[in-house]
Structure formats: structure tokens, C-alpha cells
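Dear colleague,

Please find below the structure I agreed to pass on to you. My notes on it follow directly after.

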Amino acid sequence: MGSYEQNELCPGSLADIIEDKQCFPYEEIPHFPASTVKGHQGQMVFGYLKGVPIMCMQGRFHYYEGYPLWKCVMPVRVMKLVGVTHLIATNAAGGLNPTYKVGDIMMVKDHVNMMGFAGNNPLQGPNDDRFGPRFPPMSKAYCSNLLNMGQQVAEEMGIGDMVHKGVYICLGGPNFETVAELKMLRMLGVDAVGMSTVHEVITARHCDLTVFAFSLITNQCVTDYESLAEANHEEVIDVGSEKQPLLQEYVSRMVLRLRDTLGLQTE
């Protein structure tokens with residue numbers, strides 16, 4: 001079974017191509033948080049994509065909305081409990097690598113858990129051994145086989161030149177970053193900047209889900225004090241909507257590859 005965390009990339013796009021779907025608004029799910037961000041529809045969708053059973057989140061939860069990290073990642077543990085084995089996490093991100101262009105895709109090969117540096121981690125508190133170990137390793141958080149698969153799919157689609165492998169960092173938000181902050185992050189080897197995904201991936205790996213994640217580069221980070229450009233959420237939504245058909249195709253092909261590789265039974 002696969003899973004897709006639909007968020008600010010392209011509202012509704014992945015769910016639109018799911019067949020035989022059943023939708024459950026977050027407010028109807030006991031103890032679930034609610035998404036308050038523009039462009040996040042706020043429902044869980046079950047169905048089939050290319051015959052593969054799928055659980056899709058339309059809208060995710062962010063730390064800056066006021067939820068603790070353990071609450072933000074609650075859906076990941078629900079995925080584990082209903083039988084999900086693979087997580088495809090998506091996000092919109094600012095491109096910090098100067099070679100990235102708006103509209104490019106960055107497959108996440110590693111991350112920097114900046115909030116974790118300050119002691120804010122989704123696994124804080126008593127460990128539930130039913131999900132995973134107290135001290136889970138993160139050196140292989142992102143599956144190398146799926147990264148190779150993602151590159152192969154990009155080549156098949158003829159978009160190999162716009163798909164990269166890079167390092168993603170999650171910051172607390174909701175403000176976009178200062179020039180000084182971005183300059184520091186670039187020195188640390190960060191390629192793309194966002195406000196999600198890392199804590200979800202940590203939780204997914206804690207409960208032994210296989211992870212593939214990618215960022216749609218929706219804006220270029222401003223690292224020049226003389227620049228007149230400013231990041232804004234409307235740009236994020238516009239780029240996501242524009243790239244919606246491309247992302248649908250990309251994810252669909254990844255699902256087909258996963259199905260064939262794992263020998264999944266389809267409906």
C-alpha cells in the first residue's frame with residue numbers, strides 16, 4: 001500500500017486521479033487536527049491509483065499553526081496502523097541551490113532537522129515500542145532505491161534536466177527566511193528550504209515506513225540584499241497549480257514502478 005501526503009504543492013491534484021475514493025474530512029476524524037493553511041483542503045482520501053490502494057492526505061499540519069510536532073505527525077502513525085508500507089511525501093520549497101529553477105523537482109536525499117537542534121522532536125516523550133525503537137537511526141531516512149527509481153522515471157518523462165537530488169531543511173515558520181539565515185543555510189549544504197516533511201519522515205522511519213520525498217521548487221530564495229524579490233505564499237500556490245499535471249504523471253509512474261517492483265496485488 002502506498003501513501004501520499006498532499007499539501008501545498010497542487011491542491012487536490014493527486015486526489016483527483018484516485019479511483020473509487022472515499023473522503024473523510026479531518027474535522028470528522030476523532031482527535032485529528034485541522035489544516036488552516038490556504039490551499040490545504042483538509043481531508044483524508046482512500047482509494048486506488050493505477051490499481052494500487054492509496055491513502056492520501058489533502059492538507060497537512062504545520063508546527064506554525066500551533067500544533068505540537070507529535071500532533072503534526074499523528075497521520076503518519078495512522079497510516080502505519082491501517083497498513084501503509086511506503087510514504088511518498090511532497091512539499092513546496094524555496095530553492096536555495098543557485099542551479100535550481102522555479103518549477104524544478106528536488107528529490108530529497110537527506111534533511112537537516114533544524115527544530116530538532118533546539119530539542120523539538122516529534123518523538124519526544126515516552127517511546128511507544130509498538131511503533132519503533134527509542135533511538136531510531138536516520139542515516140538512511142530516504143530510500144536509495146526509490147531515489148534511483150525517481151530519477152529513472154524523470155528520464156522516461158523527458159524531465160531529467162529539471163529533477164535533482166538535494167538536502168532539505170525544515171524551519172519553524174511561518175515567516176520566510178532572512179538573507180543572513182539563507183546565506184548560513186547555504187554554507188551548511190542545504191539545497192531547499194521549507195516548513196514541513198522532516199518531522200513526518202522521522203516518524204515514518206521510526207515506525208519502519210519506506211520513504212521517498214520530493215520538493216517542488218516554487219520560489220527562489222533571496223540571498224542578495226539588493227534584490228527586490230520577496231517570497232510569498234500566493235507564488236507557491238500558483239506554481240503548484242501550474243505543475244499539477246506534471247506531478248500527477250510523476251507520482252503515477254512512481255506508483256506503477258513500486259507496484260511492479262514489490263509485486264503488489266492490484267484491484
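Is D191 buried or exposed? The model is a predicted one, and in it D191 has a relative accessible area of 9%. Because buried means under 20% relative accessible area, D191 counts as buried.

As to its place in the chain, D191 sits in the loop that links α6 (179–187) to β8 (192–194). Two polar contacts of the D191 side chain deserve your attention. With the side chain of N97, D191 forms a polar contact of 2.9 Å; with the side chain of R186, the polar contact is 3.4 Å. Leaving aside residues up to four places away in sequence, D191 touches G94, G95, L96, N97, Y100, M106, G166, V167 and R186.

Among those contacts, G94 and G95 lead to strand β5, which spans residues 86–95. How many residues of strand β5 are buried? The count is 10 of the 10, so the rest of the structure largely encloses this strand.

Strand β5 pairs with two strands. It runs parallel to strand β9 (residues 210–220), to which 10 bridges join it; within this pairing, A93 is opposite I217 of β9. Strand β5 also runs antiparallel to β8, with two bridges between them. There, G95 has A192 of β8 as its bridge partner.

In summary, D191 is a buried residue in the loop before β8, and its side chain makes polar contacts with the side chains of N97 and R186.

With kind regards

Methods: Residues numbered from 1 in each chain as written. Predicted model: local features only at pLDDT ≥ 70, side-chain atom pairs only at ≥ 80, totals over all residues. Heavy atoms only, no water. Helix = DSSP H or I, 4+ residues; strand = E, 2+ residues; numbered from the N terminus. Buried < 20%, exposed > 50% of the residue type's maximum accessible area, 1.4 Å probe, protein only. Polar contact = N/O pair within 3.5 Å; in protein donor to acceptor, adjacent residues only side chain to side chain. Contact = heavy atoms within 4.5 Å. Pairing = 2+ DSSP bridges.
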